[in-house]
Amino acid sequence: MTFWHCLHAEWIKIRTMRSTLYVILGTLAFCIGLAALNASSAGNEFADLSPADQASFDPLATSLRGYLLAQIALGLLGGLVITSEYGARTIVPTLIAVPHRARVLVSKAVVLVGVALPVGIAVSLAGFLVGQASLSGAGAPHLALSDGVALRGIVGGGLYLALAGLFGLALGTVIRSTTATVTTLFGVMLIVQAFAPALPGGLGDWVSKYWPPIAGGQIITSYQDPDLLSP
């Protein structure tokens, strides 16, 4: 079976998985809802902020906070691309038809990126438009699509979410369990990030600056925090 045959087979698999549509629609709905709520709340509170907080106000990040859950959702989709095959035992006929495991894995990765990248960009664009409209309605600083940082945040957010999907695929390939993959995704992408400030001394500073989900999340910011990497 050629590489193109593998790609076609993997495309049929991901297109016919019921979880694919649920993950895409759920991620889109959550990110739009969170962008509206977060931006509306931040916009209403902007006038009461101190001058220092107003100077560091980040309208781009305010509207794109939904990436925190979107990275888990697309990471889960990436994991399901392969763990669903192990769960249903269909991985056996797959590897009989295509003995080259690297070819199977690359095909899954290409198809996954083909789905996750446009979904990530759509999620970022929808969150941006809804969030900026809420900020504008509240009279707070906001951005337009023509602003350079807006394009960087939307496209960069989509690329980051596609990488999150590939990370989920890598975890699923190693772990071979959907439950364990989801648990690991939460730990790596959310729990470590939440507890980074509590880590001692230099370790906490290093994790807060270089831990991949934190460093990657800087792509959706328009304010440069001197303690973190630049976008």
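**Reading the cut-offs in an all-helix model**

Analyst: In the protein, 75% of the contacts with a separation of 6 or more are between residues 24 or more positions apart. Please keep in mind that this is a predicted model.

User: Thanks! What makes up the elements of the protein, from the N terminus on?

Analyst: The run is α-α-α-α-α-α-α-α-α-α-α. That gives 11 helices and zero strands.

User: How do you know whether the radius of gyration agrees or disagrees with a compact globule?

Analyst: We set one value against the other. For 231 residues, a compact globule would have a radius of gyration near 17 Å, and the protein has 19 Å, so the two agree. Along the principal axes, the C-alpha atoms fill a box of roughly 65 × 40 × 25 Å.

User: What percentage of the 231 residues is buried?

Analyst: Buried residues account for 39% of them. As for the outside, the accessible surface is about 11400 Å², and carbon and sulfur atoms hold 69% of that.

User: Why is A150 called buried rather than exposed?

Analyst: The cut-off for buried is under 20% relative accessible area. A150 is at 0%, so A150 counts as buried. This residue lies in helix α8. Leaving aside residues up to four places away in sequence, A150 touches L60, F128, A144 and L145. The C-alpha atom of A150 is also 9.2 Å from that of T221, although the two positions lie 71 residues apart along the chain.

User: Now the aromatic rings. Why is the pair of F3 and W4 called edge-to-face?

Analyst: The structure holds four aromatic pairs. For F3 and W4, the ring centres are 6.0 Å apart and the planes are at 65°, so the pair is edge-to-face. The two limits behind that are centres within 6.5 Å for a pair and planes over 60 degrees apart for edge-to-face.

User: And how do you know which class of accessibility F3 and W4 belong to?

Analyst: Exposed needs a value over 50%, and partly exposed runs from there down to the limit for buried. F3 has 30% relative accessibility, so F3 is partly exposed. W4 has 66%, so W4 is exposed.

User: Why is the pair of W206 and Y210 called tilted?

Analyst: Their ring centres are 5.8 Å apart, and the planes are at 40°, so the pair is tilted. An angle under 30 degrees would have counted as stacked, and one over 60 as edge-to-face. W206 and Y210 are four residues apart in helix α10 (residues 201-210), so about one helical turn separates them. W206 has a relative accessible area of 47% and is therefore partly exposed. Y210, at 39%, is partly exposed as well.

User: What makes R89 worth a look, given that it is not a glycine?

Analyst: R89 has a positive phi of about 65°. The residue sits in the loop between α5 (67-88) and α6 (91-97). With a relative accessible area of 57%, set against the cut-off of over 50%, R89 is exposed.

User: What is the phi of R176, which is not a glycine either?

Analyst: R176 has a positive phi of about 65°. The loop that holds R176 is between α8 (148-175) and α9 (178-195). R176 has 45% relative accessibility, so R176 counts as partly exposed.

User: Last one: how many positive and negative side chains are there?

Analyst: The protein has 11 positive and 10 negative side chains. The centres of those two sets lie 26 Å apart.

Key
Residues numbered from 1 in each chain as written. Predicted model: local features only at pLDDT ≥ 70, side-chain atom pairs only at ≥ 80, totals over all residues. Heavy atoms only, no water. Helix = DSSP H or I, 4+ residues; strand = E, 2+ residues; numbered from the N terminus. Rg over C-alpha atoms; globule rule 2.2 N^0.38 Å. Buried < 20%, exposed > 50% of the residue type's maximum accessible area, 1.4 Å probe, protein only. Contact = heavy atoms within 4.5 Å. Areas by Shrake-Rupley, 256 points an atom, 1.4 Å probe, with all protein chains shown as cover. Lys, Arg positive; Asp, Glu negative; His and termini not counted. Charge placed at Lys NZ, Arg CZ, Asp CG, Glu CD.
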